[in-house]
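I opened this entry to keep track of what I looked up in the structure. The notes follow the order of my checks.

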Amino acid sequence: MSSPPLASPGSTRRALSGTALIGLVAAAIVAVALPVFTSGYVVYIANLLLVFVVLCLGLHIVIGETGQFSMAHAAFYGIGIYASALANRAVDLPYPFAMLFGALVAGAVGLFIGALALRMRDIYLALATFAFGEAMQWVFANWDSVTNGPNGLRIAPARFGPLEILSDKQAYPFVLFFCLLAIGFTVVISRSRLGRAFRAVRESEVAAMAMGIDVRRTRVIGFGLSAAVAGFAGGMFGLFQTFIHPDSLGFQTTILVLTMVVVGGLGSIWGAIGGAIVFGLISEVLRQAPQYQEIIYGAILMLFMMYAPHGLFAFIGDRIREARHGR
């Protein structure tokens, strides 16, 4: 008996692209209809998930594209929140300029820290960036004259010309727009010459140097871009939140975002987006049991690294292909 014919690579790609297109259309319909047919709480969760998407895209640049392990993502996120909020309070400009300022400040700090920390490798780099993240949380909690210290900082409502954002539903279209902007930016970077240099450095620094790529410069740029995107996510947070406390910018936030990227799939933009949405919803459910969150996050990370190292969506895709081919 002859074996059943396997699908050709071209047909497999067409099937996957068709599935992706259907998913994108469905996501677009849900995104547009969400504020019309849901309550304020659901829209708040949607805003938060969109911020997580941008945070994951930032971490994707430094881990997925350049292969550098950073544990300071929450620190750059916090810098973006405080910088954009303080700029908005000091100068009554349209809020996009405050968001841009927050992203630039976070990116500048990221370039400086990257130039120092990226002299290290592997576990030493992780420890160095972890130390910076903890130091920044201490700054957020103790620089009373700027951040209002442990009392937290009130964030002034965002303004777009005469429009003042006072509710989650008002903020949602802007949060969605800036999220799509960040996705487009990440896709353009990934497909550019710089993105190819990132991946060359990730795969082999020796081969990258042989190709004429300045490895250290490329790694520092990747670190700075990652920090800038995290700072931009911090500015998005200020669109619908009116208060920030230093306790929400600690190591747990970094672990949460790292788990999202790993769950979605390292090295994949769409995996980072999907991981942010799926695990963001899971983390919201786990708010009912905060004492078990770290244990559950750790268990999920271990399970995925053992049984689905390429992420949830690659794992599902592999199972679908195996079922389709009768394996």
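**Cores**

I started with the nonpolar packing of this predicted model. The largest nonpolar core has 91 residues, and Phe76, Met236 and Leu239 have the most contacts inside it. I then asked which element gives the largest share of this core. Helix 2, residues 40-65, supplies that share with 17 residues. Another core lies apart from it and has 6 residues, including Ala197, Ala200, Val201 and Ile213.

I looked up Phe76 next. Leaving out residues up to four places away in sequence, Phe76 touches Ala106, Val109, Gly110, Phe132, Phe223, Ala227, Ala230 and Gly231.

**Chain and confidence**

I noted the totals for the chain. The chain has 327 residues, of which 47% count as buried. Its secondary structure comes to 14 helices and 4 strands. For contacts between residues at least 6 apart in sequence, I find that 76% join residues at least 24 apart.

The pLDDT averages 84 over the chain, and 89% of the residues score at least 70. Where is confidence lowest, and where is it highest? The lowest mean, 61, belongs to helix 1 (residues 9-37), and the highest, 94, to helix 10 (residues 215-240). Residues 1-17 have a pLDDT below 50, and beyond near neighbours in sequence this stretch has 7 contacts in the model.

**Cavity**

I searched the whole structure for enclosed space and got 1 cavity of 30 Å³ or more. The largest cavity holds about 50 Å³ of space. Its lining consists of Met71, Ala72, His73, Ala74, Ala75, Phe130, Gly133, Glu134, Leu249, Gly250, Phe251 and Thr254. Helix 3 (73-90), helix 5 (122-142) and helix 11 (251-264) are the elements that give two or more residues to this lining. By class I recorded 7 nonpolar, 4 polar and 1 charged residue in the lining of the largest cavity.

**Second largest pocket**

I took the second largest pocket next, with about 540 Å³ of space. It is lined by 22 residues, and those closest to its centre are Phe52, Ser248, Thr253, Leu256 and Arg287. At least two lining residues come from each of helix 2, strand 4 (243-244), helix 11, helix 12 (269-285) and helix 13 (293-307). Helix 2 gives the largest share of this lining, 4 residues. The class split for the lining of the second largest pocket is 12 nonpolar, 7 polar and 3 charged.

**Thr147 and Asn148**

I finished with two neighbouring positions. Thr147 lies in helix 6, residues 144-147. Is Thr147 buried or exposed? I put Thr147 down as buried because its relative accessible area is 3%, and the cut-off for buried is under 20%. Setting aside neighbours within four places in sequence, I list Tyr82, Val139, Phe140, Gly152 and Leu153 as the contacts of Thr147.

Asn148 sits in the loop between helix 6 and strand 1 (153-154). I flagged its backbone: phi of Asn148 is near 65°, a positive value in a residue other than glycine. Asn148 counts as partly exposed because its relative accessibility is 36%, and that class runs between the 20% and 50% limits.

Methods: Residues numbered from 1 in each chain as written. Predicted model: local features only at pLDDT ≥ 70, side-chain atom pairs only at ≥ 80, totals over all residues. Heavy atoms only, no water. Buried < 20%, exposed > 50% of the residue type's maximum accessible area, 1.4 Å probe, protein only. Contact = heavy atoms within 4.5 Å. 1 Å grid on protein atoms, 1.4 Å probe; cavity = no way out; pocket = protein on both sides within 12 Å on 5 of 7 lines; lining within 4 Å. Points joined across faces, edges and corners; volume = space filled by probe spheres on them. Nonpolar A, V, L, I, M, F, W, Y, C, P; charged D, E, K, R; others polar. Core = buried A, V, L, I, M, F, W, Y, C linked by side-chain atoms within 4.5 Å. pLDDT = per-residue confidence, 0-100.
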